[in-house]
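Trainee: I should like to take a close look at a single part of this structure, the sheet in chain A. Would you please describe how the sheet is built and what packs against it?

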Amino acid sequence: MKRFSIVLVLALVAALGLSALAQAQVTLSYRFWDLNQAPAMEAIARAFEAKNPGIKIEIEVIPWSQYWTNLETAATGRNLPDVFWLNATNFELYASNNMLVPLDDWLAKSDLISLDDYPPALAAIYNYRGKQYAIPKDMDTIGLWYNKELFDAAGIPYPNADWTWDDFREAAIALTDEENQVWGFAAELSLQSGFGNTIYQAGGYVVNEDRTKAGLAEPEAIEGLKFWTDLINVDKASPSMAQMTDTEPISLFESGRAAMYFTGSWNAVRFNANEYTKDRVDVTVLPKGKQRAVIIHGLGNVIAANTKHREEAWKFVEFLGSREAMEIQAATGTVIPSYMALQDTWVKSIPQFNLQIFLDQIEWAVPYPVSVRARHWQQLLTDCLTPAWAGEISIEEAAQEAQRQVQEVLDSERR
Amino acid sequence: MSGINKKKLQDWFWAYFMILPTVAGTLIFSIWPLIQSFYLSFTEWGAFGSYDWGGTVNFERMLGDSVLWQALRNTIVFTVGSVPFGIALSIIVAVLLNTKIRGMSTYRTLYFLPVVTMPVAVAMVWRWLYNADFGLLNHILSTVGIAGPRWLTDPNYAMISLIIVSIWSSIGYNMVIFLSGLQGISKQYYEAAEIDGANSFVQFFRITLPMLSPTIFFVTVTSLISSFQVFELIFTMIGINSPVIRHTQSVVFYFYRQAFVNMDKGYAAAISLVLFVIILGVTIVQFRLQKRWVHYE
């Protein structure tokens, strides 16, 4: 019994000592979803710890499929991780519900970073009602990818930066070889890498800047949508919606059945890893409509309002946005760093693709269209447009219905 | 006298103590959520767990929601298409596998395999089989000169394709239950029937089916419930963005969409409540009807 008490006392002393130590050390949780980027994030965290001995970073990777449900549960219990990734679609939901800490005061005083280091349209995504809530982590824009072999076979010159919608359409029709099941284009139904771009190119908009009005039934927007449905249902220069549901458009492109495909810079790594596309495809800027436009998106690092260590969390977010951290991230080549001075590193990472075009387009980039309930209306938008893509109803009819439903959601945000 | 009471008390204590984990688990994880979702179905949902009392607003909305009614219709079509055929086929397979031939356990394992395979893996393989342009099914059809349909993207075929996969994956589980039912039937009946000169068809309809009816009843009840709750088959085989999703989505899929895509948990809870009432009703009717056709020994 006596010996037991001595052990107990010793254990107590040890525990007290440990907790005293722990108090001197602040631990911050950092949560994101992409396992591919975990090594880079880990390296950045270690570099930060080396510079800030009092702060420890604990990384939590939650797969994409559970990330948002998980985050929402955490937010409901005011138990969000100190620092985490957000994307545009979900950002305003968190910002509008006071789940995030505004960064403006710190930004004004920072020696390490300034918002001018990042593309303006990208930084604007994370500005909600005049306050900046996130530092952009990476970025992506959309390009026109094409299969050189199919162009050569058809004797058509490769797409270039001067192409207009008409040039594009002509080539798509000429490249289509119905008999051999080869199409000029794979007209995927996608806001970010598809019709969103052409709506802005036609001079229209998806939602206006103060998120009070959807512009889907405006004549310009309908023109931007018609670009897609005409290629599928009038020109037959793209596989049908049913075919693209059976076989993903990207797979059609990767197997030489679609000569052209719009997709983001994030697929460069994928096309480089694929034996077929590696040397057969290249990329150029999107064809020009009434004007030039491309959708820009990128993730942001944010601080949870429920964190107990605001200053420390800011130090980490500041470091994540700094040149040093961005250099570590850029070296992996998986994503374009948002830090403009370092984007050349990414361009050189896959020399056979003309990746420079993704950066050239920043000049006319527009932010990915969102609002507080973006996740909700983006799904409704897809639901409404699907029958038009499938050729069951006219695009005008689909656009009217989409306008009605999206507007209803936007109106509900202001109640 | 007091001794007996004390012993009885002690027995009760231990009995309740032993079932406590199960009772507590049921109360916490089944009954309480049930009460909660009943309450939530009367609320209007906001962001991050905030909600207001909405009265019957969700139920009123349901009346005018044509997509929900179509989802209910889809669910009924799916159930009517998959449950009777699935059970009939399972009985036939079970009867065939209840004989003594070589390699019987291999056959039984083969039929049971779909049950232990991951649903997502099953869906992947079937999607490839069904692929209209590169799939095996249409390739085989093309060799005999038939242009196969777009199995999963043509509204006229998508539901049938789903029903086929559903039946295929349910045979194994039902078969095992029927097998155990078959083995409970006394040999004497068959011997007596044989002496009376009954052939095997007569034996099947006059002995096997009536004696198996309690098992058939059990399988029908559980199959109907799980069929009314079909979700992952649609989620993995069709997908939320498919052009045929409206023609194939079930009530539970629509519930998922409301709860986790639209983040409208109030409306989702109301939908689940209605589905609960429907399933309860169907099950009660089945129990009422069982007197007419289920024979207990």
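Mentor: In this predicted model, chain A contains an open sheet made of 5 strands, which follow the order 2-1-3-13-6. The pairing within this sheet is mixed. At the edges lie strand 2, residues 55–61, and strand 6, residues 134–136, of chain A, and each of these pairs on one side only. From one strand to the next, the twist averages 25 degrees.

Let us now consider one end of the order. Strand 6 of chain A is paired with strand 13 of chain A, which covers residues 300–303, in the antiparallel sense and over 3 bridges. One position can be followed by eye: A:Pro136 has A:Gly300, in strand 13 of chain A, as its bridge partner.

Helices also belong to this picture. Helix 2 of chain A, residues 38–51, packs on the sheet and touches strand 1 (26–32) and strand 2 of chain A. The direction of helix 2 makes about 170 degrees with that of strand 2 of chain A. Helix 15 of chain A, residues 310–320, lies across strand 1, strand 2, strand 3 (83–86), strand 6 and strand 13 of chain A. With respect to strand 13 of chain A, helix 15 runs at about 170 degrees.

To summarise the arrangement, the strands are ordered 2-1-3-13-6, with strand 2 and strand 6 of chain A at the edges, while helix 2 of chain A packs on the sheet and helix 15 of chain A lies across strands that include strand 3 and strand 13.

Notes: Residues numbered from 1 in each chain as written. Chains lettered and ligands numbered in written order. Predicted model: local features only at pLDDT ≥ 70, side-chain atom pairs only at ≥ 80, totals over all residues. Pairing = 2+ DSSP bridges. Helix = DSSP H or I, 4+ residues; strand = E, 2+ residues; numbered from the N terminus. Axes fitted to C-alpha atoms, helices over the stretch in contact; angles between N-to-C directions. Contact = placed C-beta atoms within 7 Å.
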